[in-house]
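Welcome, and thanks for taking a look at this one with us. Please open the structure and keep it in view while you read the notes below.

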Amino acid sequence: MVNARRRKTTQMIKKLALWLCSLASLTVSAAPIEGKATFYADHYEGNETAYGERYRSHLLTCATYEFPYGTKLLVTYISAAGTERSVIVRVNDRGPSAKYREQGRIIDLSKAAFRTLENLDRGVIKVRVQEVQ
């Protein structure tokens with residue numbers, strides 16, 4: 001039992017190390033943009049995006065007018081406590097709508113991407129968005 005737990009812990013540490021190495025190799029290009037982010041509602045599941053793909057809530061994708069289709073973005077949640085969590089998403093749709101852009105929203109995230117940053121109960125969070133290569 002102890003050996004199995006130790007093996008599992010070792011595997012998790014290796015996966016985390018590989019993930020951190022891949023993050024470290026990314027190059028951040030343009031100046032960051034700060035604003036608000038939210039996530040897609042459930043009724044969009046399976047709908048066609050502006051890029052022609054089907055929206056899937058379990059994929060790490062987003063909608064924004066700030067960057068071209070296919071761009072990979074590093075989205076960092078800026079919490080009031082000063083902690084930061086990040087996720088890399090791919091632009092495959094256009095949004096938020098003009099009504100919400102006027103309120104400071106710059107990006108709509110898939111549920112999986114939003115959940116990586118914060119609990120879905122929050123609804124709207126403050127983020128910093130940067131293009132990565």
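A pocket here is an open set of grid points where a 1.4 Å probe fits, with protein on both sides within 12 Å along at least five of seven lines; its volume is the space filled by probe spheres set on the points. By that definition, the largest pocket in this predicted model has a volume of about 310 Å³. The protein chain around it has three helices and six strands, and 35% of its 133 residues are buried.

**Overall layout**
- If you walk along the sequence, the elements of the protein chain come in the pattern α-β-β-β-β-α-β-α-β.

**The largest pocket**
- Which residues lie nearest the centre of the largest pocket? They are Y40, A41, Y44, P96 and D108, out of a lining of 19 residues.
- Sorted by class, that lining holds eight nonpolar, six polar and five charged residues.
- Two strands, β1 (33–39) and β5 (105–109), each give at least two residues to the lining of the largest pocket.
- P96, one of the residues nearest the pocket centre, belongs to the loop between β4 and α2 (98–101).
- The peptide bond leading from G95 into P96 is cis, and its omega is near -15°.
- As a reminder, most peptide bonds are trans.

**Strand β3 and its partners**
- Strand β3 (residues 72–78) has five of its seven residues buried, so the rest of the structure largely encloses this strand.
- On one pairing, β3 meets strand β4 (residues 84–93) in the antiparallel sense, with seven bridges between them.
- Within that pairing, V75 has V87 of β4 as its bridge partner.
- The β3 and β4 strands make a hairpin with five residues between them, and G82 in the turn has a positive phi of about 90°.
- For context, most residues other than glycine have a negative phi.
- β3 also runs antiparallel to strand β6 (residues 125–132), to which six bridges join it.
- In that second pairing, T76 is matched with R128 of β6 as bridge partner.

**A closer look at I88**
- I88 is a residue of strand β4.
- Is I88 buried or partly exposed? Its relative accessible area is 29%, so I88 counts as partly exposed, given that buried means under 20% and exposed over 50%.
- From C-alpha to C-alpha, I88 and V75 are 6.2 Å apart in space, with their positions 13 residues apart in sequence numbering.

**Aromatic contacts**
- How many aromatic pairs does a search of the whole structure find? The search gives four.
- Y40, Y44 and Y55 are linked into a cluster by ring pairs, and Y40 and Y44 also appear among the residues nearest the centre of the largest pocket.
- Y55 of this cluster is placed in the loop between β1 and β2 (61–63).
- With a relative accessibility of 2%, Y55 is buried.
- Y55 and N92 are 37 residues apart in sequence, and their C-alpha atoms are 8.6 Å apart in space.
- Elsewhere, R94 places its charged end over the ring of Y69, at 4.2 Å from the ring centre.

How values were computed: Residues are numbered from 1 along each chain as its sequence is written. This is a predicted model: local features need pLDDT of at least 70, side-chain atom pairs count only at pLDDT 80 or more; totals for chains, interfaces and linings use all residues. Side-chain values use heavy atoms; hydrogens and water are left out. Buried means under 20% relative accessible area, exposed over 50%, partly exposed in between (1.4 Å probe, protein chains only). Helices (H or I, at least four residues) and strands (E, at least two) are DSSP runs, numbered from the N terminus. Two strands pair if DSSP finds at least two bridges between them. Rings of Phe, Tyr and Trp (its six-membered ring) pair if their centres lie within 6.5 Å; planes under 30 degrees apart count as stacked, over 60 as edge-to-face and the rest as tilted. A charge sits over a ring if NZ of Lys or CZ of Arg is within 6 Å of the ring centre and within 35 degrees of the ring normal. On a 1 Å grid over the protein atoms alone, a cavity is a set of points where a 1.4 Å probe fits but cannot get out, and a pocket is an open set with protein on both sides within 12 Å along at least five of seven lines; lining residues have an atom within 4 Å of a point. Ala, Val, Leu, Ile, Met, Phe, Trp, Tyr, Cys and Pro count as nonpolar, Asp, Glu, Lys and Arg as charged, and the others, Gly among them, as polar.
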